[in-house]
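Subject: Handover of a structure, with notes

Dear colleague,

I am passing on the structure we discussed, and below it you will find my notes. Please read them beside the coordinates and tell me where a passage is unclear.

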Amino acid sequence: MLSDIPSLRMQRKHLRKYSWLPDVFRLKGSVIGRIIGPVLTVTIFASFVAYTDQQGYRMLQTNSIVPLLSVVVGLLLVFRNGTSYDRYWEGRKCFATLTSNIRNLSRQLWISVVLPPTDAQPPHIEGKTPTTNTTASQLRHRKIEAVKLALSFAFAAKHYVRGEDGTRYDDYVGVLPPSFARFDEVGFNLEHTSTPMAYPATGECSNVQECRSGSSTPDHKPDATKRVRHKRSKQNTFVSGSVTPATPLLGSAHRTIDFHAYADEASFPLPLMIATELNRILFNFRKEGFLETIGPAGMNALVQLVSSMTDQLTAMERIANTRIPVSYSVHLKQCVTLYLFALPFTLVSDLGWTAVPIITVVAFTFMGIEGIAEEIEMPFGNDERDLPLDRYCQDLKEEIDYIIGRIPEGGEGLHGYDDGEGDD
């Protein structure tokens with residue numbers, strides 16, 4: 001009966017307001033799983049030292065060394081933890097700024113891009129402003145593609161800093177416009193597009209034998225400098241006099257493949273490709289007279305938003321590519337281990353077996369700080385304690401869908417003309 005009283009059914013999240021106990025005994029989300037092995041190792045060693053001391057083997061060590069070492073270890077741990085959290089917080093700020101830029105760009109595109117008025121132009125600008133045959137429905141379709149392309153920049157940036165190539169991910173469905181989704185295909189361009197074929201010079205094959213057999217196992221490397229497609233080597237080009245299904249150009253019946261001169265050398269990150277396409281869309285909107293209501297100043301503001309999106313991508317790339325030096329991390333672990341293994345020799349003579357749980361707590365504290373620093377120093381991964389980039393992107397997608405579905409457009413534009421001379 002008492003269980004039915006709401007005031008007596010305190011959930012753990014409510015209990016946290018009044019007590020630390022729910023978090024003290026919490027395992028999920030803690031760093032215990034990462035450091036349990038090293039902590040048990042130190043505990044076993046401390047138990048061995050305590051046992052040998054009880055057996056009459058004197059292992060007394062002066063207490064003047066350990067305090068000095070503890071100061072050094074403490075300073076190193078503070079610096080290590082602060083550096084890792086700075087990287088974590090910097091990554092969050094960069095993605096938040098990127099989200100803000102996409103929100104502003106999408107809102108401005110949806111409201112400010114409008115058809116020019118259909119009435120007669122004023123005499124002082126007659127013949128100086130562009131006219132268009134674009135209908136309202138056609139312009140709306142172009143605006144939807146532009147807004148979704150801005151949204152896809154966030155998804156592309158997420159995959160880019162995680163070292164994930166291409167556009168073949170489920171979260172791109174309904175986000176990346178279909179007209180843009182083929183940019184990751186080899187040989188694709190706006191002028192002429194050919195169907196990609198299983199040819200060694202264009203396929204993602206690691207060697208000639210794989211190309212001959214039709215299998216392909218591209219090598220995915222976990223770094224943040226991946227491109228929209230895998231880079232290939234000219235060494236994989238196969239030239240032979242025999243005609244095989246993988247070499248259609250050597251037969252009498254073949255189709256022409258549009259090769260780029262830079263196909264084996266150059267590549268381009270997908271987010272930067274999206275930013276370039278956004279700049280092209282803005283240029284065309286301005287050229288066709290759809291941005292006359294905001295004028296050159298408004299156009300410059302839109303371009304600056306796209307530039308800021310690229311700046312934030314570069315900042316996140318810097319965090320993902322710049323790891324904490326291995327020598328620093330290794331030296332810190334060596335100092336912590338040396339301190340923890342020297343600690344039993346200074347305590348067992350006075351505390352006996354009581355020193356073992358004390359040393360275990362000290363090891364848990366020091367190694368826990370190092371474990372937390374390791375977990376948060378790379379904030380863009382898929383671990384539970386990394387930044388929830390998937391949720392950030394999904395929230396942004398819901399906002400963009402709301403704009404497209406429910407926010408009214410700007411209506412009809414105004415006659416505008418800027419002669420470049422400024423105001424008198």
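A patch, as the word is used here, is made of residues with over 30% relative accessible area and no salt bridge, where like charges are joined within 9 Å and nonpolar side chains (Val, Leu, Ile, Met, Phe, Trp, Tyr) within 5 Å. The accessible areas come from the Shrake-Rupley method with a 1.4 Å probe, and for residues only the protein chains shown count as cover. A salt bridge is a side-chain nitrogen of Lys or Arg within 4 Å of a carboxyl oxygen of Asp or Glu.

Please keep in mind that this is a predicted model, in which local features need pLDDT of at least 70 and side-chain atom pairs count only at pLDDT 80 or more, while totals for chains, interfaces and linings use all residues. Residues are numbered from 1 along each chain as its sequence is written, and side-chain values use heavy atoms, with hydrogens and water left out.

Overall architecture

The secondary structure comes to 11 helices and 0 strands, where helices (H or I, at least four residues) and strands (E, at least two) are DSSP runs numbered from the N terminus. Of the 424 residues of the protein, 40% count as buried; buried means under 20% relative accessible area, exposed means over 50%, and partly exposed lies in between (1.4 Å probe, protein chains only).

One helix pair can be described in some detail. The axes of helix α5 (residues 136-161) and helix α8 (residues 295-321) come within 10 Å and cross at roughly 15°, the axes being lines fitted to C-alpha atoms, for helices over the stretch in contact, with angles running from 0 to 180 degrees between N-to-C directions. That angle makes α5 roughly parallel to α8, since angles under 35 degrees count as roughly parallel, over 145 as roughly antiparallel, 65 to 115 as roughly perpendicular and the rest as oblique. The crossing of α5 and α8 is right-handed, a term that applies if the near helix is turned clockwise from the far one by less than a right angle, whereas an anticlockwise turn is called left-handed.

The nonpolar patch

On the surface, Ile111, Tyr402 and Ile407 make a nonpolar patch of about 250 Å². Of these residues, Ile111 is found in helix α4 (residues 65-112) and is partly exposed, with a relative accessible area of 36%.

Salt bridges

Side chains of opposite charge can pair when their charged atoms come close. The structure holds 18 salt bridges, and I describe some of them here.

Arginine 34 forms a salt bridge with glutamate 374, with the closest N and O atoms 3.2 Å apart. This pair links distant parts of the chain, as arginine 34 is in helix α3 (residues 32-54) and glutamate 374 in helix α10 (residues 355-376), 340 residues apart. Arginine 34 is partly exposed at 40% relative accessibility, and glutamate 374 is also partly exposed, at 23%. Both belong to a network of salt bridges that links Arg34, Lys333, Glu374, Glu375 and Arg385.

The side chains of glutamate 409 and lysine 143 meet in a salt bridge at 2.7 Å, N to O. Here too the pair links distant parts of the chain, with glutamate 409 in the segment after α11 and lysine 143 in helix α5, 266 residues apart. Glutamate 409 is partly exposed at 32%, whereas lysine 143 is buried, with a relative accessible area of 1%.

Arginine 162 forms a salt bridge with aspartate 390, the closest N and O atoms being 3.4 Å apart. Aspartate 390 lies in helix α11, 228 residues from arginine 162. In this pair arginine 162 is buried at 14%, while aspartate 390 is partly exposed at 42%.

Contacts between distant residues

Cysteine 393, in helix α11 (residues 389-406), is buried at 0% relative accessibility; cysteine 393 and leucine 151 are 242 residues apart in sequence and 8.3 Å apart in space, C-alpha to C-alpha.

Alanine 355 lies in helix α10 and is likewise buried at 0%, and its C-alpha is 7.8 Å from that of alanine 50, although the two are 305 residues apart in sequence.

Alanine 96, by contrast, lies in helix α4 and is partly exposed at 33%; alanine 96 and tyrosine 392 are 296 residues apart in sequence and 8.8 Å apart in space, C-alpha to C-alpha.

With best wishes
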